[in-house]
Amino acid sequence: PESVIADPESLIRAEIIEKTFRGAGTRYRLQLRTGEEVISVWPSSSDYMVGQEVGLRTRRDELMVYAGN
């Protein structure tokens, strides 16, 4: 979840559908335009609202990808 970060310049857009405060970090459940969901944890200082659309990108230096079945 920490490898997906908000980026206002990104063309990849998602709607925040759930927000859970967890102290230093806030867990966001995001829905992409394709309907797929992504979970991300951002610093609590990044205060986005449920229903808000945000741009997303990955931290390429931290990204791990696994093959599906």
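On a 1 Å grid laid over the protein atoms alone, a pocket is an open set of points with protein on both sides within 12 Å along at least five of seven lines, whereas a cavity is a set of points where a 1.4 Å probe fits but cannot get out. Lining residues have an atom within 4 Å of a point. Grid points are joined across faces, edges and corners, and a volume is the space filled by probe spheres set on the points. The model is a predicted one, in which local features need pLDDT of at least 70 and side-chain atom pairs count only at pLDDT 80 or more, while totals for chains, interfaces and linings use all residues. Residues are numbered from 1 along each chain as its sequence is written, and side-chain values use heavy atoms, with hydrogens and water left out.

The overall architecture comes first. The protein chain contains 0 helices and 5 strands; helices (H or I, at least four residues) and strands (E, at least two) are DSSP runs numbered from the N terminus. Read from the N terminus on, the elements follow the pattern β-β-β-β-β. Of the 69 residues in the protein chain, 26% are buried, where buried means under 20% relative accessible area, exposed over 50% and partly exposed in between, computed with a 1.4 Å probe on protein chains only.

Strands of a sheet pair through backbone hydrogen bonds, either parallel or antiparallel. Here the 5 strands form an open sheet with antiparallel pairing, in the order E1-E5-E2-E3-E4. Strand E1 (4-6) and strand E4 (37-43) are the edge strands, each pairing on one side only. Neighbouring strands of this sheet are turned by 45° against each other on average, direction ignored; the axes behind this angle are lines fitted to C-alpha atoms, for helices over the stretch in contact, and angles run from 0 to 180 degrees between N-to-C directions. Two strands count as paired if DSSP finds at least two bridges between them.

Strand E2 (residues 13-22) can be followed to its partners in turn. Antiparallel E2 and E3 (residues 25-32) are joined by 8 bridges. Within this pairing, Glu15 has Gln31 as its bridge partner, and Ile16 has Leu30. The hairpin of E2 and E3 has 2 residues between the strands, and Gly23 takes a positive phi near 75° there. On the way to the edge of the sheet, E3 and E4 run antiparallel and are joined by 7 bridges, with Thr26 bridged to Trp42 of E4. The hairpin of E3 and E4 has 4 residues between the strands, and in this hairpin Gly35 adopts a positive phi near 100°.

Strand E2 is also joined to E5, by 3 bridges and in antiparallel fashion. Ala14 has Val54 of E5 as its bridge partner, and Glu15 stands opposite Glu53 in E5. Glu53 also meets the side chain of Arg13 through a polar contact of 3.4 Å between the two side chains. A polar contact is a pair of N or O atoms within 3.5 Å; within protein, one must be able to donate a hydrogen and the other to accept it, and residues adjacent in sequence count only if both atoms are side-chain atoms. Arg13 belongs to strand E2 and counts as buried because its relative accessibility is 19%.

Two loops deserve attention. Asp7, in the loop between E1 and E2, counts as buried because its relative accessibility is 16%. The Asp7 side chain reaches the backbone nitrogen of Glu9 at 3.0 Å and makes a polar contact of 3.4 Å with the side chain of Arg57. Val50, in the loop between E4 and E5, is exposed because its relative accessible area is 53%. The C-alpha atoms of Val50 and Ile16 are separated by 5.0 Å, although these residues lie 34 residues apart along the chain.

The largest pocket completes the picture. Its space is about 160 Å³, and its lining consists of Val4, Ile12, Leu32, Val38, Leu56, Arg57, Thr58 and Arg60. Strand E5 (residues 53-58) supplies the largest share of this lining, 3 residues. The lining residues divide into 5 nonpolar, 1 polar and 2 charged; Ala, Val, Leu, Ile, Met, Phe, Trp, Tyr, Cys and Pro count as nonpolar, Asp, Glu, Lys and Arg as charged, and the others, Gly among them, as polar.
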